[in-house]
Amino acid sequence: MELLTGITVRRSNYSKLPAVDFSSLEFGQHVSDHMLVADYAHGEWQQAQIVPFANLSLSPATLALHYGQTVFEGMKAFCTRDGRINIFRLERHYDRFVRSLDRMCMAVPPKDLFTEGLVKLVQIDKGWVPRKGGASLYLRPFMYASEAKFGVKVSDQYRLIIFSGPVPELYAEPIKVKVETNYTRASKGGTGFAKCGGNYGGAFYPTQEARKQGYDQVLWTTGDDNPFIEESGTMNVMFVINGKLVTPPVSDSILDGVTRDSLLTLAGDLGYPTEERRISVAELELAFHDNSITEAFGAGTAAVVAPIKTICINNTDHQLPKYSHESLWRKLKHKLEQIRTGTEQDVHEWNFMI
Ligand code: COI
């Protein structure tokens, strides 16, 4: 594509790539050689640059460090079977980034800057896009309030950074989750739908407690007297109940997951009935008692699909039936991978080929 924003590039004269073992990647362990940096100041976006990945120098008074005006996105680039590179659902990620930024009163980077910045960055670091199925180049656009002033205020300055790193799939093995009714991740009218840093930091403590009890993740609920299911860990959650794919509807406390949307669409394509509706913890418990629940899984960009084997409700572990090749989550995950790698036709136009 033709680049319109005139992003300048200063290339690294050293690559970390030869030191990376692509056969044993760990999520978040490696960062690619370059990053994009663009500042917002005096009411406008300044010249964006792609520079060697490096540490930041921040004033201790930087607003983001105190009042949490910080937002991120998580998206992926894949290598297609014919050797091209595809950024998956770029526009939908941009739209969500904008919604998160608006909620946090932050400046919004123009779509051209976001798009061309990602494209140019991935082109420069194309050697970092894993060739192996399942693995991908994780793209992490994020923004923070960069004004160095500790008064409690909306920042007048922001920094957009985009960096990337090769990642494997997370949670390939089925996980154990605990329904959490004591702590909540988000509440009505809060910031749960936004991808702001605080949502993740606030989730650490309950997750750590659940881990001590032998669970991998928390199944978040509304936490009231008649709690409803919200999300699973850092992912949306989906169930197969009575042969239907059921997931809570997006709301101000649930993230509008890109993988969630993709899987719902693909399930429809496969002729599977889908329902976006509220699911109470009581309904979930009943579904275990009458064996109408056959699958449960998390859906998110990092993990893609995280199958769940155990759900703890009120101190009782409920086991999901063993998954097989016929399990819906496997079919959905496979179909998604086929589309991203160009093996199956991209009928929904999700691939942004660069
Ligand atoms: C993602 O699935 O990409 C997420 O946002 C989770 C992230 C915190 C690793």
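**Notebook: Arg-89 and its surroundings**

Started with Arg-89, which sits in the loop between β7 and α2. I'm working on a predicted model here. I checked the backbone of Arg-89 and found phi near 50°, a positive value in a residue other than glycine. Is Arg-89 buried or exposed? I get a relative accessible area of 10%, so Arg-89 goes down as buried, the cut-off being under 20%.

**Salt bridges**

How many salt bridges does the structure hold? I count 21 of them.

The one I went to from Arg-89 is with Asp-261, where the closest N and O atoms are 2.8 Å apart. This pair links distant parts of the chain, since I find Asp-261 in helix α5 (residues 258–269) and Arg-89 in the loop between β7 (85–88) and α2 (90–103), 172 residues apart. Both Asp-261 and Arg-89 are buried.

Next I looked at Glu-275 and Arg-277, another salt bridge, with its closest N and O atoms 2.6 Å apart. Glu-275 is partly exposed at 23% relative accessible area, and Arg-277 is partly exposed at 26%. Then I asked which residues are joined into one network by salt bridges that share partners. The answer brings me back to Arg-89: it is joined with Arg-92, Arg-99, Asp-256 and Asp-261.

I also noted Arg-84 and Asp-82, whose side chains meet in a salt bridge at 3.2 Å, N to O. Arg-84 is partly exposed with 42% relative accessible area. Asp-82 has 53%, so I put it down as exposed, the cut-off being over 50%.

**Aromatic rings**

Switched to the rings. The count comes to twelve aromatic pairs. I pulled up Phe-88 and Trp-350, an edge-to-face pair with 5.8 Å centre to centre and 80° between the planes. Why does this pair tie together parts of the chain that are 262 residues apart in sequence? Because Phe-88 lies in strand β7, while Trp-350 is in the loop between α7 (328–340) and β19 (351–353). Both Phe-88 and Trp-350 are buried.

The other pair I opened is Phe-97 with Phe-114, which is tilted, at 5.6 Å centre to centre and 35° between the planes. Phe-97 belongs to helix α2 and Phe-114 to helix α3 (residues 111–124), so many as 17 residues apart, and the pair is listed as linking distant parts of the chain. Phe-97 counts as buried at 0% relative accessibility, and Phe-114 is buried with a relative accessible area of 0%.

I also logged one aromatic cluster, formed by Phe-53, Phe-142, Tyr-144 and Phe-163.

**Charges over rings**

Back to Phe-88: which charged end sits over its ring? I find that of Arg-340, 4.4 Å from the ring centre. I found another case in Arg-278, which lies over the face of Phe-228 at 4.0 Å from the ring centre.

**The loop between α7 and β19**

Trp-350 had already taken me into the loop between α7 and β19, and I stayed there for two residues. Thr-341 lies in this loop and is buried, with a relative accessible area of 14%. I looked for what its side chain meets: a polar atom of the Thr-341 side chain lies 2.7 Å from the backbone oxygen of Glu-337.

Glu-349 is found in the loop between α7 and β19 too. Its phi is positive, about 55°, although Glu-349 is not a glycine. Is Glu-349 buried or exposed? Exposed, with a relative accessible area of 70%.

**Surface patch**

Which residues form the nonpolar patch on the surface? I noted Leu-56, Leu-58 and Leu-65, with about 260 Å² of accessible area together. I placed Leu-58 in the loop between β4 (49–52) and α1 (63–67). At 37% relative accessibility, Leu-58 counts as partly exposed.

**One long distance**

Last lookup was Ile-293, placed in strand β16 (residues 293–300). Ile-293 is buried, with a relative accessible area of 3%. How far is its C-alpha atom from that of Pro-110? I get a separation of 44 Å, with the two residues 183 apart along the chain.

Note on methods:
Residues are numbered from 1 along each chain as its sequence is written. Side-chain values use heavy atoms; hydrogens and water are left out. Patches are made of residues with over 30% relative accessible area and no salt bridge: like charges are joined within 9 Å, nonpolar side chains (Val, Leu, Ile, Met, Phe, Trp, Tyr) within 5 Å. Accessible areas come from the Shrake-Rupley method with a 1.4 Å probe; for residues, only the protein chains shown count as cover. A salt bridge is a side-chain nitrogen of Lys or Arg within 4 Å of a carboxyl oxygen of Asp or Glu. Helices (H or I, at least four residues) and strands (E, at least two) are DSSP runs, numbered from the N terminus. Buried means under 20% relative accessible area, exposed over 50%, partly exposed in between (1.4 Å probe, protein chains only). Rings of Phe, Tyr and Trp (its six-membered ring) pair if their centres lie within 6.5 Å; planes under 30 degrees apart count as stacked, over 60 as edge-to-face and the rest as tilted. A charge sits over a ring if NZ of Lys or CZ of Arg is within 6 Å of the ring centre and within 35 degrees of the ring normal. A polar contact is a pair of N or O atoms within 3.5 Å; within protein, one must be able to donate a hydrogen and the other to accept it, and residues adjacent in sequence count only if both atoms are side-chain atoms.
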